[in-house]
Amino acid sequence: GGMPTGRIAMIRILVAEDDSAMNKLVCNMLTDKGYEPVACFDGAQAMREFERQPFDMVITDIMMPNADG
C-alpha cells in the first residue's frame with residue numbers, strides 16, 4: 001500500500017463562499033499550496049458539486065444563500 005513515490009495525490013477542496021472576492025482569494029491560496037479547489041457561490045450549487053464528485057475537504061461560509069445550516 002501507500003502512495004507511489006514521486007507522485008502527490010491532488011487534494012480536492014470544495015470552496016463554498018458567496019462573496020466572489022473572498023471565494024477567489026481562498027481558491028488562489030489553495031492553488032498556490034498545490035490543492036485543487038472547486039468554487040461554488042451558494043449552498044445549492046455546493047450540494048450539487050458535492051454529490052457529483054468526491055472531495056477531500058469542504059470550506060464553507062457559515063451564512064450561505066440557498067442552504068439551511
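## The overall layout

The chain contains two helices and three strands. Keep in mind as you look around that this is a predicted model. If you walk along the sequence from the start, you meet these elements in the pattern β-α-β-α-β.

Some totals help to set the scene. The chain has 69 residues, and 26% of them count as buried. About 5200 Å² of the chain is exposed, with carbon and sulfur atoms supplying 57% of that area. Now take the contacts between residues at least 6 apart in sequence: 58% of these join residues at least 24 apart.

## The sheet

Let's begin with the strands. In general, strands of a sheet pair through backbone hydrogen bonds, and the pairing can be parallel or antiparallel. Here the three strands form an open sheet in the order β2-β1-β3, and the pairing is parallel. Strands β2 (36-40) and β3 (57-60) are the edge strands, each pairing on one side only. From one strand to the next, the twist averages 20°.

Look next at strand β1, which covers residues 12-16 and runs parallel to β2, joined to it by five bridges. To find your place in this pair, try Ile13, which stands opposite Pro37 in β2.

## Helix α1

Helix α1 (residues 20-32) packs on the sheet and touches β1, β2 and β3. Its direction makes about 170° with that of β2. The helix has 13 residues and reaches 18 Å from its first C-alpha to its last, close to the 18 Å expected at 1.5 Å a residue.

Which residues of α1 are buried? They are Asn23, Val26, Cys27 and Leu30. These residues lie on the same side of α1 because they cover an arc of only 95° around the axis. The buried residues of α1 pack against β1, β2 and β3. Turn to the face that points away from this buried side, and you will find the exposed residues Ala21, Lys24, Met29 and Asp32.

## Helix α2

The other helix to explore is α2 (residues 43-52), which lies across β1, β2 and β3 and runs at about 140° to β2.

In α2, the buried residues are Gly43, Ala46 and Glu49. Their arc around the axis is only 125°, so they sit on the same side of α2. The cover over the buried residues of α2 includes β1 and β2. On the other side of α2 you can pick out Arg48, Glu51 and Arg52, which are exposed.

## A closer look at Ile59

Let's finish with a single residue, Ile59, which is found in strand β3. Why does Ile59 count as partly exposed? Its relative accessibility is 30%, and a residue is called buried under 20% and exposed over 50%, so Ile59 falls in between.

Where does the chain bring Ile59? Ile59 and Leu14 are 45 residues apart along the chain, yet their C-alpha atoms are separated by 6.1 Å. Setting aside neighbours within four places in sequence, Ile59 is in contact with Ile13, Leu14, Val15, Ala16, Val26 and Leu30. Two of these partners have already appeared in the report: Val26 and Leu30 are among the buried residues of α1. Ile13 is familiar too, as the residue opposite Pro37 in β2.

Terms used
Residues numbered from 1 in each chain as written. Predicted model: local features only at pLDDT ≥ 70, side-chain atom pairs only at ≥ 80, totals over all residues. Heavy atoms only, no water. Pairing = 2+ DSSP bridges. Helix = DSSP H or I, 4+ residues; strand = E, 2+ residues; numbered from the N terminus. Axes fitted to C-alpha atoms, helices over the stretch in contact; angles between N-to-C directions. Contact = heavy atoms within 4.5 Å. Buried < 20%, exposed > 50% of the residue type's maximum accessible area, 1.4 Å probe, protein only. Areas by Shrake-Rupley, 256 points an atom, 1.4 Å probe, with all protein chains shown as cover. Expected span 1.5 Å × (residues − 1). Arc of directions from axis to C-beta.
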